[in-house]
Structures are given as structure tokens and as C-alpha cells.
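Q: Could you take a close look at the helical, membrane-annotated part of this chain for me? Please set it in the context of the rest of the model, and tell me how far to trust it.

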Amino acid sequence: MMRSLIFKISLCLALLVSTLPAVMAQETHESAEHGEFNVGDMIMHHIKDEHGWELAHGLTIPLPVILYTQDRGLEVFSSSHIMHDEVYNGYKEHEGDIHRVTATGEIDESVKVWDFSITKNVASLLLSAIILLVVFFSVRNGYEKNKGRAPKGIQSFLEPIILFVRDEIAKPNIGPKYERYLPYLLTLFFFILINNLLGLLPGGANLTGNIAVTLVLAVISFLITNFSGNKHYWAHIIKPTGVPVALLPIMIPVEIVGVFMKPFSLMVRLFANITAGHIIILSLLGLIFIARNLGGTGTGLAVSPLVTVFALFMNGIELLVAFLQAFIFTLLTSMYIGSAVEEHHEADHGIGYEGADPHH
């Protein structure tokens, strides 16, 4: 048992350390090409979306570029044609966006280009969906084969997590109607968790650090919450129980704003925490190249061990944050749904609800 645990820890550390040479090699090459090393450019290069999936310097997976313009219609080609500021078929990538260019290479502002490309984040999204389908279909098959027996393999690993989401998140916060929303909560938890973990791998995409992705997740939770709301939920928003009439002009707008602030907080919290973790790790790695620029190669090598230790520590923290943010997003979503579907919403405030008579 101890030997197996040591092996797993060593494997995780090896995986974390493997990110360092790739980043260092890439940044060394880029700084040699472009002169002075710029930490901000390096960070933005790693956390933003792009039309190719760069695993390491010189190793980029080309992705489909799908464009639509009114005069040409739909066009599909590989992102390898527009790498390194190259012009292909009259198109050029500039600051992450694809534009039509003139014969002289100038951006043609008169042509509106609709970009439906499979970018790195979209490819990572599809990859995570495939992983989830494969994993949970295998878990389902495991349940069918091992009825009445102890779970085995990945089923034994995921079952405690599924039961945790059911017993510690869905049941206490939603109540008797939890089964209706449990599939969504499980999908939400594992989708965020898988993408958080994929973002920690070498060359991984920063999917949950993309505010468009967290916006969609927050909007889905918002729609489910408000379409599930009963009369007690809406009555509490329109006319809060126990509030003096004179305060209603203040409290009603506050309650309405609160309805929209809940999904907004979900969106920003996940985006900010995941992005901040990536920025901190990349900033630490950037210290090596800053030290090299200021004091030479020897200074860069001297600070490398210390920076590596701190980067490994931050990777460990990020691993914890990956689980924590999936838990927090799912927990708060279940609380919002629970507040919308409970029959006595005013019971939260101890007003208008006396509970069951203990003598009967």
C-alpha cells in the first residue's frame, strides 16, 4: 500500500516537473528570437485561446479554421497555413483574430469575417466531453457487471465522489426534489473538475480560465434556478416577507439585483481562481529568464532550483484548487436551486413558518 502511494506521488511530481523544461525551452527560444524577455507576453501566450494547439515549442497541432464571409461563403482550412503571421487565401491572423487582408497585406476592415473555428479551447472542450462519456459509460457498465458486488477499477474511485455530491451537496441543499437536479450537478462537478485538471497538464488549454466558458456554465445554472422557482421564491423577490412597506422600494431592487449577482459571482469566481493560478506559476517561471537577462546565464541557473520548488508547490496548490472550485461551483448552484424550489422559502428567516407541532 505504501509503495503504491509513493509511486503515485512520484508520478504526479514527475508530471509536474515535466512542464518546466517545456516552458523553459520555449521561452529561451522566443527570447533569443525577439530580444528582451517579456513576462507579460509569455503569460498571455500561455493562457489565451489560439487557432493551433501548441504542446511545446515546435510541436503544434493544427486545428480546423472555419470562416464565413458574405462574398465567399464558408471556407475551411488548416490553422497551419496562417501560423507565424502568414497570409493564406487572403486571410491573416492578427492578435488572435483572423482578418481579410488586401494585396498589400493591410487588414481589410470592410469585410466582416465570422470565425467558427475549432480553437484550442474548443478542442479541449470536446476532449473533456469525450473523456467524461468514456469514463461514465465504463462506470455504468461496471455497475451492470458487478451488481451486488464491491466496485472495481475506476468505478471504485468515482463512486465515493458521486455519493459525496449526492449526500453532501444535492440532498442537504435541495431537499426531497434533489433527484431531479442530481444529473446536472454531477455533470457540472465533473466537467469543471476534468477541465481544471487538463489545464494543469503540459500544453493543456486554459478552458475554465476562459470567462466565456464560465459565463455559459453560470447562465445554465441561472436558467435552471429561475425556471424551477416556485411561488414562494418569486414572492420573496417581489415582496420580501416581514419587510416594512417603506423599505420595499429599496429591498425589491436589491432582491432583483441579487438574482443576477448569483450567476455573476459563479462566473467570476471560477474564471479568476483558475486564471490566477496559471499566472502565478508562469510568473514564477518567468523569474528565471528575468534573472538571466539581469545577471547572465549563471544567475538564471542559480535561481532555477528555488523557482522550481515554488512552482511545484504552486502546482500542488492548483491541484487542490481544481477540486475545490468544482466543489464550490456545484455547492452554490445546489444552494440557489434549493432556495428556488423549497416550499417555505420564508422559513430561512424564521418568519411565517412555525414548523411541525412536536406533540403530533
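A: Starting with the whole chain, the secondary structure comes to nine helices and eight strands, where helices (H or I, at least four residues) and strands (E, at least two) are DSSP runs numbered from the N terminus. This is a predicted model, so to speak of local features you need pLDDT of at least 70, side-chain atom pairs count only at pLDDT 80 or more, and totals for chains, interfaces and linings use all residues. Residues are numbered from 1 along each chain as its sequence is written, and side-chain values use heavy atoms, with hydrogens and water left out.

Now to the part you asked about. The unreviewed UniProt entry places "transmembrane region" at residues 122-139, 181-201, 207-229, 241-261, 267-291 and 303-328; positions are in the numbering used here, feature names are shortened, and such annotations may be inferred rather than shown by experiment. Take two of those spans. Residues 267-291 are 100% helix and 0% strand, with end C-alpha atoms 36 Å apart. For residues 181-201 the figures are 86% helix, 0% strand and 31 Å between the end C-alpha atoms.

Helix α8 is worth a slower look. It covers residues 248-295 and has a kink of about 30 degrees at phenylalanine 260, shortly before proline 263. The bend at a residue is the angle between axes fitted to the seven residues ending there and the seven starting there. After α8 comes glycine 296, with a positive phi near 95 degrees.

Elsewhere there's an open antiparallel sheet of three strands, in the order β4-β3-β8. β4 (73-78) and β8 (114-115) are the edge strands with a single partner each, so one side of each has no neighbour in the sheet. Strand β3 (residues 64-69) pairs with β4 over six antiparallel bridges, and strands count as paired if DSSP finds at least two bridges between them. Threonine 69 has glycine 73, in β4, as its bridge partner.

As for trust, pLDDT is the predictor's confidence in each residue, from 0 to 100. The chain's mean is 82, and 85% of its residues reach 70 or more. Two stretches stay under 50: residues 5-11, with zero contacts (heavy atoms within 4.5 Å) beyond four places in sequence, and residues 345-360, with 14 such contacts. Where pLDDT is low, the predicted coordinates should not be read in detail.
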